[in-house]
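Colleague: Could you pull up the model with its ligand? I'd like to go through the binding site with you.

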Amino acid sequence: MKQICVVGVGYVGIVSGACFADLGNRVIALDIDEKRVANLNKGIMPIYEPGLDELVERNVKAGRLSFTTSYKEALDGTEFAFIAVGTPSGVEGDADLQYVAAAARSIAENMTEPLILINKSTVPVGTGDWVADIVKEAQPKPIDFSVVSCPEFLREGSAIGDFMNPHRTVLGSQDMEAAEKVAHLHLPLRAPIVITNLRTAEMIKYASNAFLATKISFINEVADICEVLGADVKEVSVGMGYDKRIGPMFLDAGLGWGGSCFPKDVRALAFMAEEKGLDPKILNETMIVNYRRRELVVEHLTEMLDGSIKEKTIGLLGLAFKPNTDDMRDAPSTDIAKALNAAGATVRGYDPVSMDVARGLLPAVKMFDDPYSMAEGCDALIVVTEWNEFKQLSLKKVKGLMKTPVIFDARNIYDPAEARELGFNYRGMGRGFNGNGS
Ligand code: UGA
């Protein structure tokens with residue numbers, strides 16, 4: 001049994017900590033937020049993530065997982081300290097590293113034995129070296145340590161499954177012995193392990209997220225072309241995805257990417273390139289194409305409602321940036337709701353789990369407890385998040401409740417022919433409605 005400390009109980013920290021505990025390690029998870037730690041000690045999770053409360057409870061009961069605000073306690077007898085704190089976007093699109101620096105400093109001040117610091121937060125290339133300098137400077141007396149980069153690739157909503165079944169583990173360090181020790185911790189995950197230098201590991205994380213974001217922006221651009229040429233992007237994606245060189249994942253066209261990762265990471269990678277005098281054209285266009293999706297929704301809906309959405313009542317099906325999370329960071333729903341409000345519409349919202357967060361962010365949106373009561377009297381509905389429960393809605397019942405049966409399916413979850421047969425004025429994204437398609 002190895003003893004591990006995880007600094008930061010946000011998404012990555014709490015999931016990694018609970019999963020490492022489940023793999024049989026002793027894990028002490030630390031956060032400076034006293035309320036978060038007190039809640040965790042009462043079994044209240046800081047985030048909504050399927051399966052997380054059960055995983056945490058099981059490992060706390062088994063004595064393998066505990067929570068603290070004390071670095072002294074967390075580092076006592078610990079061989080591995082994971083840094084999993086937030087790296088939000090700074091004002092210019094650079095990554096804000098103040099939490100990483102604070103964590104490194106506190107670790108340095110409180111460590112009493114040799115330690116391997118493992119960075120899981122997404123940090124600009126070169127941060128690992130910078131963390132090593134901070135630790136060296138902040139140590140009251142020199143104690144051996146190494147820095148390893150171990151970027152995380154889990155997705156919100158499927159985080160536990162992603163952690164336990166990774167496609168690969170990436171480790172970067174200048175100290176190969178330390179990297180090997182960290183590799184050992186990951187052996188039970190049975191994934192290929194790539195060991196490289198610090199900067200390359202840090203870059204692998206940015207390049208991976210930026211590639212996936214680009215793939216999504218690409219299919220969204222194709223969706224627009226499908227629309228005017230009368231093709232159906234959903235079927236185009238299926239046809240493309242069978243090609244092993246392309247693969248079927250991340251080819252869902254619609255509202256594009258949001259959340260806490262892709263927006264900040266694409267921006268940060270472009271920023272790093274520009275700082276060195278490069279012109280990262282693909283990354284910049286990837287962002288432009290992505291954010292255009294949100295404007296398009298309002299344009300389409302205006303067309304569907306005969307040129308004006310003023311004084312119309314519009315219901316948003318889904319508010320979280322993607323299904324199975326309550327995360328509203330950079331969620332398309334926020335921009336769409338604001339644009340609809342600005343155009344004079346009354347906006348309603350319903351989401352299976354993110355309503356509490358959404359209420360604070362979107363005070364002008366009237367929230368409903370279920371999709372049917374929201375639909376009652378609406379002039380139009382927009383599918384913003386592709387929650388499974390929306391796929392199962394009785395569209396017949398919805399039609400009976402609405403003032404006018406208009407659906408803009410911005411996530412392509414419904415069958416256009418079926419929706420139209422039921423009498424809906426239906427549009428999806430990239431499904432040939434302007435051309436000679438269905
Ligand atoms: C993403 C990466 O997928 C993870 O590998 C990475 O670890 C994580 O960022 C991170 O850096 O922490 P996440 O943001 O949780 O994970 O969610 P994704 O499932 O990747 O979706 C990102 C966005 O892309 C969502 O807004 C989603 O709606 C959108 N998306 C995804 C599409 O529009 N189309 C698709 O085909 C797939």
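Modeller: In this model, which is predicted, a polar side-chain atom of lysine 322 sits 2.7 Å from an oxygen atom of the ligand.

Colleague: And how much of the ligand does the protein bury?

Modeller: On its own the ligand would expose 710 Å², and the protein buries 91% of that area.

Colleague: Which backbone atoms lie close to ligand oxygens, say at 2.7 Å or 2.9 Å?

Modeller: A backbone N or O atom of glutamate 156 is 2.7 Å from an oxygen atom of the ligand, while for glycine 258 a backbone N or O atom is 2.9 Å from a ligand oxygen atom.

Colleague: Which residues of the shell come nearest?

Modeller: There are 20 residues around the ligand, and the ones that come nearest are Phe153, Leu154, Glu156, Lys205 and Lys322.

Colleague: What's the make-up of that shell by class?

Modeller: Sorted by class, the shell around the ligand holds nine nonpolar, three polar and eight charged residues.

Colleague: Where do they come from, in terms of domains and helices?

Modeller: Domain 1 (3-196) and domain 2 (231-428) each contribute at least three residues to the shell; helix H9 (198-229) and helix H11 (262-275) each supply at least two, and the largest share, three residues, comes from H9.

Colleague: Different topic: what does UniProt place at residues 315-416?

Modeller: The UniProt entry, which is unreviewed, puts the feature "domain: UDP-glucose/GDP-mannose dehydrogenase C-terminal" there. In the model, residues 315-416 are 34% helix and 18% strand, with their end C-alpha atoms 19 Å apart.

How values were computed:
Residues are numbered from 1 along each chain as its sequence is written. This is a predicted model: local features need pLDDT of at least 70, side-chain atom pairs count only at pLDDT 80 or more; totals for chains, interfaces and linings use all residues. Side-chain values use heavy atoms; hydrogens and water are left out. A residue is near a molecule or strand if one of its heavy atoms lies within 4 Å of it. A polar contact is a pair of N or O atoms within 3.5 Å; within protein, one must be able to donate a hydrogen and the other to accept it, and residues adjacent in sequence count only if both atoms are side-chain atoms. Accessible areas come from the Shrake-Rupley method with a 1.4 Å probe; for residues, only the protein chains shown count as cover. Helices (H or I, at least four residues) and strands (E, at least two) are DSSP runs, numbered from the N terminus. Ala, Val, Leu, Ile, Met, Phe, Trp, Tyr, Cys and Pro count as nonpolar, Asp, Glu, Lys and Arg as charged, and the others, Gly among them, as polar. Domain bounds come from an automatic or database domain assignment. UniProt positions are given in the numbering used here, feature names are shortened, and annotations may be inferred rather than shown by experiment.
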